[in-house]
Amino acid sequence: MPDDCHATNTASWLERVAGKTQRHLADRLALEAIHIGRGALEMAAFLGASESSARRRVLLVADPDTFDAAGRDVGTILQRRGHTVGEAITQAAPHADDETIDSLLPKLDFHPEWIAAVGSGTISDLGKVLAERAGARLLTVATAASMNGYTSPIAAITVGGLKTTQPSHPADVLIMDLDVIASAPKRLTRAGFGDLMSKPVSGADWLLSSFFFGDEPEPAVLGLVDDAVERARHHAEDIACGDLAGIERLCEALVLSGFSMALAGSSSPASGGEHLISHYRDMSAKGWKRPSFLHGEQVAVGTLCSLEIYRRLEELGAPQGDGSSCRRHREDSATPAHHQLTKSAREAVRLETGAKLALVPGPSARREALAQRWKELWSMLDKQLERGRGLRTDLRRAGCPTSFSEIDTPPPLVKELILHCRWMRRRYTVLDLAGDLGHLEDLAEEVSRGPYSE
Ligand SMILES: [Zn+2]
C-alpha cells in the first residue's frame, strides 16, 4: 500500500476529515472504502477482496484520454490480481446522454460483476448508470477533481436534450490518486473548486424550498461540507497552480459534497438555481451557437449571480399585501418559448414547467407567507448566505470565471438564462423567489448588465 495513501473505510475517513461526530453518517452511505493520496491507483488491486471469490469480471469504462491517464494502469493492476477485465472505451470527449448509454449497453453482455469507471464527471456518471443496469458493483477512479458527483447516487444524464438527474448506483469504492489528478489539465481542477463553491447558495435554496414545502434540511447534512469548503477556500491559489496539498483539500470537500447529496436523497444540498443556470446554458449552447464551458466554470458564475439576486431581494424587502402591488408579476413568463432548445428538450421542459406550476402552495399563497414571515425567512437565509462572503475574490484566486462574459454569454442571453432556466426543473430556488415577488424581470435585466457581466 502506498505510504501516504489514506486507504480506509468510509466511517474512519469521515471521522478524520469531517470530525468524530460525523462518523455515524457512514452507516447511511453506500461507499465502503475511499482511497485518496499519492499512488492510490494501486488500491484498485484490492477490488472485491472482501468477497467470497476474489477474482472478478470487471468492465473498465473510460474515454481515450482517461484511459491514457489512468485506465490502462488500472486494467493492468486488476489483471495482475487475477481479475478478468473487459473494456468499454467511449469516443473522445463523450457526453453522458441516452445515445452514449445505448452505445455502451452491448458491453454488458460481458456480464461484469464490477464496473471500473475511470474518468471524471461524464465517465463517473456513465459508470453509475451501467452499474445500475448490470446489477454490478462500482469502482470509480477519478482522473480529475472537476466536480462533486463521484460519491453521489445521482447521475446527470441528458435525455432527449434535457439535462436530468437520475438516481443510479453510487460508487462502492472511490480512488482519487493525487498524482493522476494533479496531472489533469489545471482548468479541470479549477472547475472543481467552482462547482464546490456553489454550497452557500445551493444550501440557501434548499432552506428556501423548505420554508414553503417543508422538506427541512437535516442540520448534519446541511453543515457536513462547510468546514471542508472553508479549508479548500484557504487553498484557492494552491488549487489554481496544481499544488498537491491544495488538491487533496479540494478532493476531500468534493467527496463530502457528494455525501451530502447521498444523505439528503437528492441533489438539493449541492444544486440550486446556480446549477439550473449552468444546465440551461449547456442546453442552449447549440441553439445559441456558443461553446459550453466546464460545469464548474458555469456554476461559479451562476453562484455569484444567485448571491447577487439574494442580496437584491433582501434589499427590496417584503411584498406588500397579496402581491397585486408587485410591479411586474407576470404569470405569462411561466411559459417561455425556449426557442433555442431542441424540440425534444422544449417538450421535456414543458412537462417540468407543468409540474412546477402545480406545486402546492402556489404563487399567491407563497407571497402571503412571504409577507407574513419575511424576517423569519431572512434570519434563516442570512446565516447560510454569510458563507458566500468573499466568494468572488476566492473564485478569482482559484482562476475560475466570475462573469458571464468569461463564459461567452452576452447580456441578452444572460437575461434569457435568468428568466427561463427555472422552468427546467420543479425545484424551488432564488429565481422562483424573485419570480413570486415580481422582481425577476428587473433583476434579470440588472444582473445581465451588472458587475457579473463585466
Ligand atoms: Zn455541480
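## Around Ala116

Leaving out residues up to four places away in sequence, Ala116 touches Val58, Leu60, Val61, Val74, Leu78, Leu139 and Val141. Keep in mind that this is a predicted model.

Ala116 also turns up in a bigger picture: the largest nonpolar core has 135 residues, and Val61, Ile115, Ala116 and Val118 are the ones touching the most other members. Which helix gives this core its largest share? That would be α11 (residues 244–264), with 10 residues. Domain 1 (6–184) and domain 2 (208–453) each put at least three residues into the core.

## Strands β3 and β4

Now for some of the strand pairing. Strand β3 covers residues 57–62 and strand β4 covers residues 84–89; the two run parallel and are joined by six bridges. One of the residues Ala116 touches, Val58, has Val85 of β4 as its bridge partner.

What links up with these two strands to make a β-α-β unit? Helix α2 (residues 64–80) does, and the unit of β3, α2 and β4 is right-handed.

## Two domains and their contact

The domain assignment splits the chain into domain 1, residues 6–184, and domain 2, residues 208–453. Going by C-alpha atoms, the centres of domain 1 and domain 2 sit 28 Å apart. How many residues does each domain bring to the contact? Domain 1 brings 30 residues and domain 2 brings 34 residues.

On the domain 1 side, the elements that each supply at least two residues are α1 (10–18), β2 (33–37), β8 (162–167) and α5 (178–183). As for the chemistry of that side of domain 1, 18 of its residues are nonpolar, 10 are polar and two are charged.

## Arg397 over in domain 2

Let's finish with a single residue. Arg397 belongs to helix α16, which spans residues 391–397. Is Arg397 buried, exposed or something in between? The call is partly exposed, because Arg397 has 17 C-beta neighbours inside 10 Å, while a buried residue needs 20 or more and an exposed one has 12 or fewer.

Setting aside neighbours within four places in sequence, the contacts of Arg397 are Ala236, Glu237 and Ala240. How far is Arg397 from His420? In sequence they are 23 residues apart, and from C-alpha to C-alpha they are 31 Å apart in space.

Technical notes. Residues are numbered from 1 along each chain as its sequence is written. This is a predicted model: local features need pLDDT of at least 70, side-chain atom pairs count only at pLDDT 80 or more; totals for chains, interfaces and linings use all residues. Domain bounds come from an automatic or database domain assignment. Two residues are in contact if their C-beta atoms, placed from the backbone, lie within 7 Å. Helices (H or I, at least four residues) and strands (E, at least two) are DSSP runs, numbered from the N terminus. Ala, Val, Leu, Ile, Met, Phe, Trp, Tyr, Cys and Pro count as nonpolar, Asp, Glu, Lys and Arg as charged, and the others, Gly among them, as polar. A nonpolar core is a set of buried Ala, Val, Leu, Ile, Met, Phe, Trp, Tyr and Cys residues joined through C-beta atoms within 7 Å. Two strands pair if DSSP finds at least two bridges between them. A crossover is right-handed if, with the strands pointing away from the viewer, the path from the first strand over the helix to the second runs clockwise.
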